[in-house]
Amino acid sequence: MKRSFLPALAVCLCTLASCGDANKSTSAEGGNASDNTMTSSATGGDTASTTMPAGSENPENQPQSAGTAQGTGGNGAARGVNDGNAVGNNTAMVQGDPTGPTGPHKDDKEFMMTAAHSDQNEIQQSKMALAKGVTGEAKEMANKMIVDHTKSTTELKAIATKKGVTLPTDMDAEHKALVPTMEKLSGKEFEAKYISQMQADHQKTANTMRAHEQMTQDADLKAFIAKTVPVVEMHLGMAQKGSNMKM
């Protein structure tokens, strides 16, 4: 009886030992399975990156964050607004050059005489343009010249009266000599000549004002120039744009 029991006990013990080893092996394999899953994930990530379209590594092809996209949009909007204003209002500024060709301005009196002639040159040429029936930008320019230069004439006259200077009320000799030539023109030919003349006149006037601004010590004239020269330069920008379109 004892002899038959011992072999059976031994078999049971061996079986239990085998089960324990099997569990350890399963546990170990489970851990390896987990490791394999992580490795597979990592490998999958690498595989995904290698199958992206060529050139996708370039910054311009990378997805933008919301902040970056918003920033870019903001800059674009700002550029659009600025360009729109410049084009829509036809007010591109072209500055005068104090070292360029100028009208006479050896002293304050001569400067005021030159500025008064300049006003009359633009007013009377613009009245001729309207009488000839100019259209589009030429008509818009003519109307603006009359309004703005009439205003500057009034402001300059107040300063001149204060200084005891009598201002001219007509064009200068150079522009009077142009009248017969311009009167012979009509239509688009006249418009092109008128706009070209406005560009040349305003460039010279802007140059004169910038140059005399550096010379004069008169506070009234300094204030007049500071207020008027931006308007003249805006007129110059309008004329330059119109002249380019007529080419």
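Over which residues at the start of the numbering does pLDDT stay under 50, and how many contacts beyond four places in sequence does the model have for them? The residues concerned are 1-6, and the model has 0 such contacts for them. Here pLDDT is the predictor's confidence in each residue, on a scale from 0 to 100, and a contact means heavy atoms within 4.5 Å. A second stretch, residues 22-90, also has pLDDT below 50, with 15 contacts in the model beyond near neighbours in sequence. Where pLDDT is low, the predicted coordinates should not be read in detail.

This is a predicted model, in which local features need pLDDT of at least 70, side-chain atom pairs count only at pLDDT 80 or more, and totals for chains, interfaces and linings use all residues. Residues are numbered from 1 along each chain as its sequence is written, and side-chain values use heavy atoms, with hydrogens and water left out.

For the protein chain, the mean pLDDT is 75, and 61% of the residues reach 70 or more. The chain contains 7 helices and 0 strands, giving the pattern α-α-α-α-α-α-α along the sequence. Helices (H or I, at least four residues) and strands (E, at least two) are DSSP runs, numbered from the N terminus. Among these elements, helix H2 (residues 66-88) has the lowest mean pLDDT, 33, and H3 has the highest, 98.

Of the 247 residues of the protein chain, 31% count as buried. Buried means under 20% relative accessible area, exposed means over 50%, and partly exposed lies in between (1.4 Å probe, protein chains only). Among contacts between residues at least 6 apart in sequence, 79% join residues at least 24 apart.

Helix H3 has 24 residues and reaches 35 Å from its first C-alpha to its last, close to the 34 Å expected at 1.5 Å a residue. The expected span is 1.5 Å times one less than the number of residues in the helix. At the start of H3, a side-chain oxygen of Asp 107 comes to within 3.3 Å of the backbone nitrogen of Lys 109. After H3 comes Gly 133, with a positive phi near 75°.

Helix H4 (residues 136-163) has 28 residues, and its 41 Å from first to last C-alpha is close to the expected 40 Å. Gly 164 follows H4 and also has a positive phi, near 75°. The buried residues of H4 include Met 141, Met 145, Asp 148, Leu 156 and Ile 159.

Asp 148 shows how a charged residue is placed within H4. At 18% relative accessibility, Asp 148 counts as buried. Its side chain makes a polar contact with the side chain of His 235, at 2.7 Å. A polar contact is a pair of N or O atoms within 3.5 Å; within protein, one must be able to donate a hydrogen and the other to accept it, and residues adjacent in sequence count only if both atoms are side-chain atoms. Leaving aside neighbours within four places in sequence, Asp 148 is in contact with Val 231, Met 234 and His 235.

The largest nonpolar core has 18 residues, and those with the most contacts inside it are Ala 129, Met 141, Phe 190, Tyr 194 and Met 198. Helices H3 (108-131), H4, H5 (173-183), H6 (187-215) and H7 (219-246) each supply at least two residues of this core. Apart from it lies another core, of 16 residues, among them Ala 160, Ala 206, Met 209 and Leu 221. A nonpolar core is a set of buried Ala, Val, Leu, Ile, Met, Phe, Trp, Tyr and Cys residues joined through side-chain atoms within 4.5 Å. Beyond four places in sequence, Phe 190 is in contact with Met 128, Ala 129, Lys 132, Val 134, Met 182 and Leu 185.

Phe 224 lies in helix H7 and is buried, with a relative accessible area of 4%. Outside its neighbours within four places in sequence, Phe 224 is in contact with Ser 152, Glu 155, Leu 156, Ile 159 and Met 209. The C-alpha atoms of Phe 224 and Ile 159 are separated by 8.7 Å, although the two are 65 residues apart along the chain.

His 175, in helix H5, is buried at 5% relative accessible area. Not counting residues up to four places away in sequence, His 175 touches Asn 121, Gln 125, Gln 197 and Asp 201.
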